[in-house]
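Hello,

Here is the model we talked about passing on. Please look it over with the notes below.

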Amino acid sequence: MLMKWYVFGQINHRLGYEYAEHAMAAVTSGTTCLVVFRGLARLPIGPIWQIEGGTLPAASAGLVGYGFLLGLFGAGIAAIFTNLHGRLGNFMNSTLRLKDKPVKLAIFGGAVIACLGVLVPHSMFWGEYEFQSIASLGSTPLPHVWPKSGLTGLGPTSALACLTIAITKLVAISFTVWGGFRGGYIFPFFAAGAAFGRAVTFVIPEIPATVACLCIAAGINVAVTRTAFATSIILVALSGQVNAASPVLAASLASIFSTYYMPFIRAQQGRFELFESQLHAYKAEELFKWGPAITPSDLSNESARLLNIKSGTEEDLESQDSYKLPDSAVSADSPIQEASVVNTL
């Protein structure tokens, strides 16, 4: 619950926790929910994943560098997912014209998800338990699937198998969302990231499995949800790998900066007024260096508008409407999604 509230505090921002004035309220609410829920349910508060390879030793500059590169790799995967996710939405809503036919949409989406699950059982469900099975290379069986190996017997036993699981999971995520089913992106992205990470470790065994799985999971999720700090905290806490914090944070930062101009959730906004106010203050300081006698009438109309100077005082900043994405970029058929915080986790 604490993690859930912390995610909610960031998910509507374009660059992480930009509205920092709400941080204490979000953390306080999350802590209260965590204690009440886990206490009443008599559930422990601690890690839920055990990644093969044991506890990661102390992090090094090399591991942080790996984390940065893996974060970029995850961001690239997220960029491809965003494009194909939008195309699938256009196909289902426009070509098949299922947008206003929820029953047919659910049947179509559910049929695809079920077929994928029969062929690749690790692509099913929301990803919490599937992450454990993938990260442990199948040594932890899937708890919600029978038979455990599905129809094809495919499991995370090779690079190609892990890559197949990862891609299938992303396809399942897209059909789940467009099919109108309850669910979201965060933990499913974690499961896909674990599969991509395991594929990487088969190719480059020098990279610890913990770093590969967590960093790629962070890169994918941060590129879409913009939750750099929350994602890092969640992955480190749920894996119990404290020494992985630096590489995972490096992956999150690499992802969030490299995909800043790749909007996905429609409601996400940046703190443009902060940048604008700093620009105005800088411009005003430069202009007032000319002497105390300068007045707004001495400036061009464009300069006066830019500085928002009127009778020696600063006007209220313009609203953020001029910075919002055009309607064409956020149409119903666009890959950019409405923020659905209730169904995100």
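In which helix is the place of Ile 167? Ile 167 sits in helix H6. Please keep in mind that this model is predicted. With a relative accessibility of 43%, Ile 167 counts as partly exposed, because buried means under 20% and exposed over 50%. Together with Leu 160, Leu 163 and Val 171, Ile 167 makes a nonpolar surface patch of about 340 Å².

Next, the interior. The largest nonpolar core has 48 residues, and those touching the most other members are Leu 70, Phe 131, Leu 170, Phe 189, Phe 190, Leu 235 and Val 248. Two or more residues each are given to this core by H3 (61–95), H5 (128–135), H6 (159–178), H7 (186–203), H8 (209–225), H9 (228–239) and H10 (245–258). H8 supplies the largest share, twelve residues.

Leu 70, apart from its neighbours within four places in sequence, is in contact with Val 200, Ile 207, Val 211, Ala 212, Cys 215 and Ile 216. There is also a second, separate core of nine residues, including Leu 88, Met 92, Phe 175 and Trp 178.

Helix H5 is largely enclosed by the rest of the structure, because seven of its eight residues are buried. The buried ones are Glu 128, Glu 130, Phe 131, Gln 132, Ser 133, Ile 134 and Ala 135. These buried residues of H5 pack against H6, H7 and H8. After H5 comes Leu 137, with a positive phi near 55°.

Regards

Note on methods. Residues are numbered from 1 along each chain as its sequence is written. This is a predicted model: local features need pLDDT of at least 70, side-chain atom pairs count only at pLDDT 80 or more; totals for chains, interfaces and linings use all residues. Side-chain values use heavy atoms; hydrogens and water are left out. A nonpolar core is a set of buried Ala, Val, Leu, Ile, Met, Phe, Trp, Tyr and Cys residues joined through side-chain atoms within 4.5 Å. Buried means under 20% relative accessible area, exposed over 50%, partly exposed in between (1.4 Å probe, protein chains only). Helices (H or I, at least four residues) and strands (E, at least two) are DSSP runs, numbered from the N terminus. Contact means heavy atoms within 4.5 Å. Patches are made of residues with over 30% relative accessible area and no salt bridge: like charges are joined within 9 Å, nonpolar side chains (Val, Leu, Ile, Met, Phe, Trp, Tyr) within 5 Å. Accessible areas come from the Shrake-Rupley method with a 1.4 Å probe; for residues, only the protein chains shown count as cover. A salt bridge is a side-chain nitrogen of Lys or Arg within 4 Å of a carboxyl oxygen of Asp or Glu.
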